[in-house]
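Thank you all for making the time this morning. I would like to walk through one structure with you, going from its sheets to its core and then to the DNA.

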Protein chains: 2
Amino acid sequence: MTFDVPGAPEAAPRPSRATLRDVAHLAGVSIKTASRVLSGQPNVRDETARRVREAARTLRFRPNRLARDLRSGAVSTAVGFVIGDLSNPFYTQIAAGAERLLREHGLELFIATSDEDPERERRVTLTMLERRVRALFVVPVADEHAYLVPEQQLGTPMVFIDRPAVDVAADSIVLDNRRAVREATERLIALGHRRIGLLADRTGVWTASERVAGFADAMRAVGTADWQRWVHRAHDVGTARSVATELLAGPDAPTALFALNNRITAGVIDALAGAPDPPAILGFDDFEFAPTLGISVIAHDPVDLGRRAAETALDRLGGRTGMPQQIVLPTRFIPRGSGERPPREHGS
Amino acid sequence: MTFDVPGAPEAAPRPSRATLRDVAHLAGVSIKTASRVLSGQPNVRDETARRVREAARTLRFRPNRLARDLRSGAVSTAVGFVIGDLSNPFYTQIAAGAERLLREHGLELFIATSDEDPERERRVTLTMLERRVRALFVVPVADEHAYLVPEQQLGTPMVFIDRPAVDVAADSIVLDNRRAVREATERLIALGHRRIGLLADRTGVWTASERVAGFADAMRAVGTADWQRWVHRAHDVGTARSVATELLAGPDAPTALFALNNRITAGVIDALAGAPDPPAILGFDDFEFAPTLGISVIAHDPVDLGRRAAETALDRLGGRTGMPQQIVLPTRFIPRGSGERPPREHGS
DNA sequence: CTGAAAGCGCTTACAG
DNA sequence: CTGAAAGCGCTTACAG
């Protein structure tokens with residue numbers, strides 16, 4: 001359905017945009033004085049300021065930040081945020097956490113998506129730097145970031161989130177993936193589970209490797225040498241669903257399924273909906289309906305990841321120097337039926 | 001946990017950033033020739049181009065977009081996107097849909113959040129315009145946008161999403177809220193429900209009013225004059241939970257609950273988890289676990305909302321003039337247990 | 001194929 | 001308290 005809004009005006013002739021020069025002219029002052037008034041600098045007579053403001057209003061003057069930022073140091077008040085995908089809440093909640101803190105410091109967010117593609121990540125990151133963002137946040141997919149070294153040396157603070165920086169000495173904020181998965185696996189083992197199907201993201205994904213390592217730690221500790229046969233790969237809801245379905249239909253079906261991220265957990269839940277004798281399910285990443293669905297999760301707060309990243313960048317902008325830091329945020333195990341509700345941005 | 005990364009270098013002395021002038025100088029050409037090479041213009045001898053590119057590489061030259069955009073029309077390749085909240089997937093999926101299309105046209109996304117606050121919405125919108133964004137997308141909370149009129153007359157395409165523009169004649173993309181809720185209510189009535197508890201967002205929210213109107217249409221059609229007594233208000237998961245709990249405990253408890261957005265649906269689900277004799281639940285907005293939880297939904301695709309908005313803006317940028325349009329996207333009713341899976345960005 | 005000049009719209013540094 | 005000049009780093013328009 002498409003229809004015209006009744007009574008809407010014809011496209012008006014386009015007046016051109018008023019500049020500071022126009023305002024100054026109309027107010028009968030120099031361009032510098034107009035600049036003073038409109039950017040809140042002192043030392044202008046009240047009457048003069050009033051005239052300038054009125055001229056600005058009359059002309060509907062809006063300053064040009066491009067020009068302003070260019071002149072004053074070629075650094076804008078924008079910060080760049082590179083994430084994998086805007087439709088994945090994990091990423092956007094990180095951005096939300098960072099944004100909240102940044103805007104208290106007068107900074108704005110420029111978000112670009114890498115589509116989980118290393119080459120595109122590189123391209124959009126460089127574009128952000130061309131805009132002279134004041135700081136850069138990356139939830140990296142690529143593991144090659146040497147191209148950022150010169151930019152970093154030029155003083156742009158960079159913070160890597162969820163996965164550490166590899167070949168650039170930048171600050172990073174990560175979760176304690178390995179420990180979390182080791183301890184959760186130990187719980188499953190303590191409950192008597194031995195056939196634990198692990199569904200991990202693709203090899204090469206740093207968080208997946210860390211989490212699998214935690215699983216290996218726990219399995220080896222109880223003498224399970226062939227732990228690798230329990231490790232399966234999935235990357236999205238669809239593949240996770242198929243893998244889970246196959247696993248349960250096969251011989252030697254697992255008594256527990258451990259999904260290593262929220263997308264995989266969703267697939268597993270899908271596969272098991274209405275199954276007669278469902279295995280225990282454990283998921284890395286908390287999600288809203290976990291309590292309702294009776295699923296144990298390893299919980300953490302993406303918003304907090306973002307907030308910590310912003311803190312780190314603000315620190316650097318504030319002049320803190322020294323070695324890059326890696327901050328490791330703890331996760332929390334929430335067993336099913338615990339009734340515990342972790343704090344969330346929305347609701348609960 | 002916080003620790004220093006071992007072996008990280010001391011903060012290096014900051015070299016200053018190379019400009020086009022530096023590159024030209026090193027390559028022994030004029031600044032204009034360097035510009036030609038690096039911005040891909042023709043008419044440069046191969047050998048000259050090679051020298052320039054090498055100089056650029058040596059100096060790690062990165063063009064300054066602020067300067068480029070300022071010179072060439074003072075319009076950047078960024079588009080502005082104002083949403084209520086980065087941690088609400090409904091908004092970010094809209095942004096995802098728009099971004100995908102826009103980037104095919106070489107445009108980048110600048111996202112700002114209004115925090116659902118009209119005054120803040122106004123402020124961030126104006127800041128975007130100061131950055132001379134090429135187009136502006138707004139999922140509005142305010143219902144006063146007259147201040148955008150001059151900007152629009154200056155030729156910045158604006159598209160309102162999910163809620164129409166009120167006092168500025170801009171294009172908009174909305175859902176068929178009223179019809180969708182009327183028809184869904186009719187279904188409930190056909191199933192024999194008469195005591196239908198409606199949980200709507202705050203009065204003043206345009207989508208809420210439309211949806212309530214649809215409910216009224218259906219209730220009046222079957223002679224229910226006192227339909228208003230079934231309308232309750234909630235704004236987030238928490239309030240929706242309390243309202244739902246109260247409703248069910250009260251006398252004359254509803255046999256069906258109709259939640260008018262995804263946040264409210266989540267609250268209702270929460271309230272009903274484990275209830276002995278739960279009412280039917282119907283929710284506006286689709287969500288991933290609706291099939292698993294056995295909930296009927298009014299489905300639509302936020303990604304598509306964003307895509308259509310981007311199409312509209314690109315059209316305007318391409319020179320289409322004429323009256324602003326309001327595009328109404330249809331929704332789909334998905335009954336519980338239908339097994340139907342709507343297409344989603346992630347998974348399924 | 002190449003370059004010198006002017007200018008985008010502001011702010012900085014300096015002078016009065 | 002106010003202003004004329006210079007310049008941020010590029011590209012446009014023009015000339016050769």
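Let me begin with a small question: in strand 10 of chain B, which residue is the bridge partner of Leu257(B)? It is Ile281(B), and I should say at once that what we are looking at is a predicted model, so please hear every value that follows as computed from that model.

That pair belongs to the contact between strand 9, residues 256-259, and strand 10, residues 280-284, of chain B, which run parallel and are joined by 4 bridges. Stepping back, chain B has an open sheet of 6 strands in the order 8-7-9-10-11-13, with mixed pairing. The edges of this sheet are taken by strand 8 (231-233) and strand 13 (332-334) of chain B, and because each has a single partner strand, one side of each is left without a neighbour in the sheet. From one strand to the next, the twist averages 20 degrees.

Turning to chain A, there is again an open sheet of 6 strands, ordered 8-7-9-10-11-13 and mixed in its pairing. Here strand 8 (231-233) and strand 13 (332-334) of chain A stand at the edges, and since each pairs with a single strand, one side of each has no neighbour in the sheet. Ignoring direction, neighbouring strands of this sheet are turned by 20 degrees against each other on average. Within it, strand 9 (residues 256-259) and strand 10 (residues 280-284) of chain A run parallel and are joined by 4 bridges, and Phe258(A) has Leu282(A) as its bridge partner in strand 10 of chain A. Across strand 7 (196-200), strand 8 and strand 9 of chain A lies helix 10, residues 237-249, which runs at about 165 degrees to strand 7 of chain A.

Now to another group of strands in chain A, where strand 5 (residues 158-161) has partners in strand 4 and strand 6. With strand 4 (residues 136-138) of chain A, strand 5 pairs in the parallel sense over 3 bridges, and Val159(A) is the bridge partner of Phe137(A). With strand 6 (residues 171-175) of chain A, strand 5 is also parallel and joined by 3 bridges, and there Ile161(A) stands opposite Ile173(A). Met158(A) and Phe160(A) point one way from strand 5 of chain A, while Val159(A) and Ile161(A) point the other way, and all of them are buried.

That brings us to the interior. The largest nonpolar core has 102 residues, and those touching the most other members are Phe81(A), Phe137(A), Phe258(A), Phe81(B), Phe137(B) and Phe258(B). A second, separate core has 44 residues, including Ala240(A), Leu247(A), Leu272(B) and Ile295(B). To look at one of the phenylalanines, Phe137(B) is in contact, beyond its neighbours within four places in sequence, with residues including Phe81(B), Leu102(B), Ile161(B) and Ala313(B).

Finally, the DNA. Around DNA strand D there are 24 residues, of which Arg36(A), Thr48(A), Arg71(A), Lys32(B) and Ser35(B) come nearest. Of the atoms of DNA strand D that come within 4 Å of the protein, sugar and phosphate account for 63%. Turning to individual atom pairs, an N or O atom in the side chain of Ser35(B) is 2.5 Å from a phosphate oxygen of DNA strand D, and a polar backbone atom of Arg45(A) is 2.7 Å from a phosphate oxygen of that strand. A base nitrogen of DNA strand D, in turn, lies 3.4 Å from a backbone N or O atom of Ala67(B).

Notes: Residues are numbered from 1 along each chain as its sequence is written. Chains are lettered from A and ligands numbered from 1 in the order in which they are written. This is a predicted model: local features need pLDDT of at least 70, side-chain atom pairs count only at pLDDT 80 or more; totals for chains, interfaces and linings use all residues. Side-chain values use heavy atoms; hydrogens and water are left out. A nonpolar core is a set of buried Ala, Val, Leu, Ile, Met, Phe, Trp, Tyr and Cys residues joined through side-chain atoms within 4.5 Å. Buried means under 20% relative accessible area, exposed over 50%, partly exposed in between (1.4 Å probe, protein chains only). Contact means heavy atoms within 4.5 Å. Helices (H or I, at least four residues) and strands (E, at least two) are DSSP runs, numbered from the N terminus. Two strands pair if DSSP finds at least two bridges between them. Axes are lines fitted to C-alpha atoms, for helices over the stretch in contact, and angles run from 0 to 180 degrees between N-to-C directions. A residue is near a molecule or strand if one of its heavy atoms lies within 4 Å of it. A polar contact is a pair of N or O atoms within 3.5 Å; within protein, one must be able to donate a hydrogen and the other to accept it, and residues adjacent in sequence count only if both atoms are side-chain atoms.
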